[in-house]
Amino acid sequence: MEAYQNSYTTFNGMTMDEYSFIHHASAGLTDNQMQTFMLVYNSRRKNPTDILLATLLGFLGFAGLQRFMTGQIILGLLYFFTGGLLGIGTLVDLLTYKSIANDYNRHLAYECYHIARAAN
């Protein structure tokens, strides 16, 4: 299990906050469960830099892409059809892109925990 916990640092753009909730979310998993957790989490995780780039595309006419990436379809459609809530919503997302990614990744970590527990 230690080998997988040390591999957290290999995630691109990982913040200390993300490291903390992944460490807590994966506590108590066996080696096989930890492997499942890491595979699923790594395949679905969102890098904060990717969220930032998607948010910047909102200023070029692709508003809401960052919300689609994080599974917030209705909010993504609202951003798309209103031009990022007239640019204000996109600007707010530009300032809070790390929190958008961390919120998504936090929910994902607990979902991956349940997947890993059920799979093994």
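Let me begin with the charged pairs: the structure, which is a predicted model, holds five salt bridges. I will go through three of them, and then turn to the core, two of the helices and a patch on the surface.

In one of these salt bridges, the side chains of Arg45 and Glu18 meet at 2.6 Å, taken from N to O. Because Arg45 lies in the loop between α3 and α4 while Glu18 belongs to helix α2, this pair ties together parts that are 27 residues apart in sequence. As for their surroundings, both Arg45 and Glu18 are buried.

A second pair is formed by Glu111 and Arg44, whose side chains meet in a salt bridge of 2.9 Å, N to O. Here again distant parts of the chain are linked, since Glu111 sits in helix α8 and Arg44 in helix α3, 67 residues apart. With a relative accessibility of 39%, Glu111 counts as partly exposed, and Arg44, at 35%, also counts as partly exposed.

The third pair stays inside one helix: Asp103 and Arg106 form a salt bridge of 3.3 Å, N to O, and because they are three residues apart in helix α8, about one helical turn separates them. Asp103 is partly exposed, with a relative accessible area of 37%, and Arg106 is partly exposed as well, with 27%. Through salt bridges that share partners, Asp17, Asp103 and Arg106 are joined into one network.

Now to the interior. As general background, nonpolar side chains in soluble globular proteins tend to be buried together. In this model the largest nonpolar core has 14 residues, and those with the most contacts inside it are Ile22, Phe37, Tyr41, Ala109 and Cys112. Helices α2, spanning 16-25, α3, spanning 31-44, and α8, spanning 97-119, each supply at least two residues of this core, and the largest share, five residues, comes from α3.

Which residues does Phe37 contact, if we leave aside its neighbours within four places in sequence? The list consists of Ile22, Ala25, Ser26, Leu29, Ala109, Cys112, Tyr113 and Ala116.

Let me stay with α2 for a moment, where Glu18, Phe21, Ile22 and Ala25 are buried. These four cover an arc of only 105 degrees around the axis, which means that they lie on the same side of α2. On the other side of α2 we find Met16 and His24, which are exposed. The cover over the buried residues of α2 includes α3 and α8.

One residue to look at from the α8 side is Tyr110, which is found in that helix. Leaving aside neighbours within four places in sequence, Tyr110 is in contact with Phe21 and Ala25, both of which are among the buried residues of α2. Tyr110 and Phe21 are 89 residues apart in sequence, yet their C-alpha atoms are 9.0 Å apart in space. Is Tyr110 buried or partly exposed? Its relative accessibility is 38%, and because the buried class requires a value under 20%, Tyr110 counts as partly exposed.

The next helix is α7, spanning 88-95, whose buried residues are Gly89, Thr90 and Asp93. Seen down the axis of α7, these fall within an arc of 100 degrees, so they line one face of the helix. The face turned away from that buried side carries the exposed residues Ile88 and Leu95. The buried residues of α7 pack against α4, α5, α6 and α8.

Thr90 in α7 is a useful example, being buried with a relative accessible area of 1%. Not counting residues up to four places away in sequence, Thr90 touches Thr55, Gly58, Phe59, Ala63, Tyr79 and Gly84.

Finally, the surface. Leu53, Leu56, Phe59, Leu91 and Leu95 make a nonpolar surface patch of about 510 Å², to which α4, spanning 48-57, and α7 each supply at least two residues. Among the members, Leu53 is found in helix α4 and is partly exposed, with a relative accessible area of 49%. Leu95, another member of the patch, is one of the exposed residues on the face of α7 turned away from its buried side. Phe59 belongs to the patch and is also one of the residues that Thr90 touches.

Terms used
Residues numbered from 1 in each chain as written. Predicted model: local features only at pLDDT ≥ 70, side-chain atom pairs only at ≥ 80, totals over all residues. Heavy atoms only, no water. Patch = residues over 30% accessible without salt bridge, like charges linked within 9 Å, V, L, I, M, F, W, Y side chains within 5 Å. Areas by Shrake-Rupley, 256 points an atom, 1.4 Å probe, with all protein chains shown as cover. Salt bridge = Lys/Arg side-chain N within 4 Å of Asp/Glu carboxyl O. Buried < 20%, exposed > 50% of the residue type's maximum accessible area, 1.4 Å probe, protein only. Core = buried A, V, L, I, M, F, W, Y, C linked by side-chain atoms within 4.5 Å. Contact = heavy atoms within 4.5 Å. Arc of directions from axis to C-beta.
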